[in-house]
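This report introduces one protein chain to a reader who has not met it before. The sequence and the model are shown below, and the sections that follow describe selected parts in turn.

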Amino acid sequence: MKTAVILALIGCLVTVTEPKVYTRCKLAKIFSRAGLDNYQGFSLGNWICMAYFESHYNTTAQTELKDGSIDYGIFQINSFTWCRRGKLQEKNHCHVACAALITDDLTDAIICAKKIAKETEGMNYWQGWKKHCEGKDLSEWKKGCEVS
């Protein structure tokens, strides 16, 4: 009986983050409302394409890198430079916890992505964008989407 109660309590304490995978058009709408269309000269298609190749639109995507840092969320934002995982040596230029970048609410991720695009070389930070989106006609990425 005591074991069952303890297991029940542990079960209540464990939270599972369900991955939220957005559709292309839902992201187009969110990104447009957040001011990403033509932000730093990059069309909405660039942002949608980049998010696809970085995370496949998965808000909980995490990629551990060889240097021990982790890329987080829909934009795969790196823990060493841009967010705080809890280590003091991390730079945390976005002034945000990495955990805030893997939620369904994309506000912190978008604010940080804007900061990255503004303070670095535009979208060159994202390898997925460089490899698959840069210099291409990206109008198809928002085709059929109602963007306001």
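## Helix α3 and its surroundings

The model described here is predicted. In helix α3, the buried residues are Leu44, Gly45, Asn46, Trp47, Ile48, Cys49, Met50, Ala51, Glu54 and Ser55. Buried positions thus account for 10 of the 12 residues of α3, so the helix is largely enclosed by the rest of the structure. The partners against which these buried residues pack are α2, α4 and α5, the last of which covers residues 127-132.

From its first C-alpha to its last, α3 reaches 17 Å, close to the 16 Å expected at 1.5 Å a residue. After α3 comes His56, which has a positive phi near 55 degrees.

## Overall organisation

The protein chain contains five helices and three strands. Read from the N terminus, the order of these elements is α-α-α-β-β-β-α-α.

Of the 148 residues in the protein chain, 42% are buried. Considering contacts between residues at least 6 apart in sequence, 55% join residues that are at least 24 apart.

## How α2 meets α3

Two packed helices are described by the angle between their axes and the distance between the axes. For α2 and α3, the axes come within 10 Å and cross at roughly 130 degrees. The two helices are therefore oblique to each other. Where they pass, the crossing of α2 and α3 is right-handed.

On the side of α2, the contact is made by Arg24, Leu27, Ala28, Phe31 and Ser32. On the side of α3, the residues in this contact are Leu44, Trp47, Ile48 and Ala51. These four residues of α3 also appear among its buried positions. An α-helix has 3.6 residues a turn, so residues three or four places apart point the same way.

## Helix α4 and the annotated segment

Helix α4 runs over residues 107-119. Its 13 residues should span 18 Å at 1.5 Å a residue, and the end C-alpha atoms are indeed 18 Å apart, which agrees. The buried residues of α4 are Ala109, Ile110, Cys112, Ala113, Lys114, Ile116 and Ala117. Among the elements that cover them are α2 (24-33), α3 (44-55) and β3 (77-78).

An unreviewed UniProt entry carries the annotation "domain: Glycosyl hydrolases family 22 (GH22)" for residues 94-112. Within residues 94-112, the chain is 32% helix and 0% strand. The C-alpha atoms at the two ends of this segment are 5 Å apart.

## Two loop residues with positive phi

Which loop holds Gln76? Gln76 lies in the loop between β2 (70-72) and β3. Its phi is near 50 degrees, a positive value in a residue other than glycine. With a relative accessibility of 4%, Gln76 counts as buried.

His95 is placed in the loop between β3 and α4. This residue is not a glycine, yet its phi is positive, at about 55 degrees. Is His95 buried or exposed? At 68% relative accessibility, His95 counts as exposed.

## Cys98 and Tyr72

Cys98 is located in the loop between β3 and α4. Its relative accessible area is 1%, and Cys98 is buried. Apart from neighbours within four places in sequence, the residues in contact with Cys98 are Tyr72, Ser79, Cys83, Arg84 and Arg85. Between Cys98 and Phe80, which are 18 residues apart in sequence, the C-alpha to C-alpha distance is 9.9 Å.

Tyr72 belongs to strand β2. It counts as buried, at 7% relative accessibility. Once neighbours within four places in sequence are set aside, the contacts of Tyr72 are with Ala61, Gln62, Ile77, Ser79, Cys83, Arg85, Cys98, Leu101 and Ile102. The last of these, Ile102, is 30 residues from Tyr72 in sequence, while the two C-alpha atoms are 6.3 Å apart in space.

Note on methods
Residues numbered from 1 in each chain as written. Predicted model: local features only at pLDDT ≥ 70, side-chain atom pairs only at ≥ 80, totals over all residues. Heavy atoms only, no water. UniProt positions renumbered as here; feature names shortened; annotations may be inferred. Expected span 1.5 Å × (residues − 1). Buried < 20%, exposed > 50% of the residue type's maximum accessible area, 1.4 Å probe, protein only. Contact = heavy atoms within 4.5 Å. Axes fitted to C-alpha atoms, helices over the stretch in contact; angles between N-to-C directions. Parallel < 35°, antiparallel > 145°, perpendicular 65-115°, else oblique. Left-handed = near helix turned anticlockwise from the far one by under 90°.
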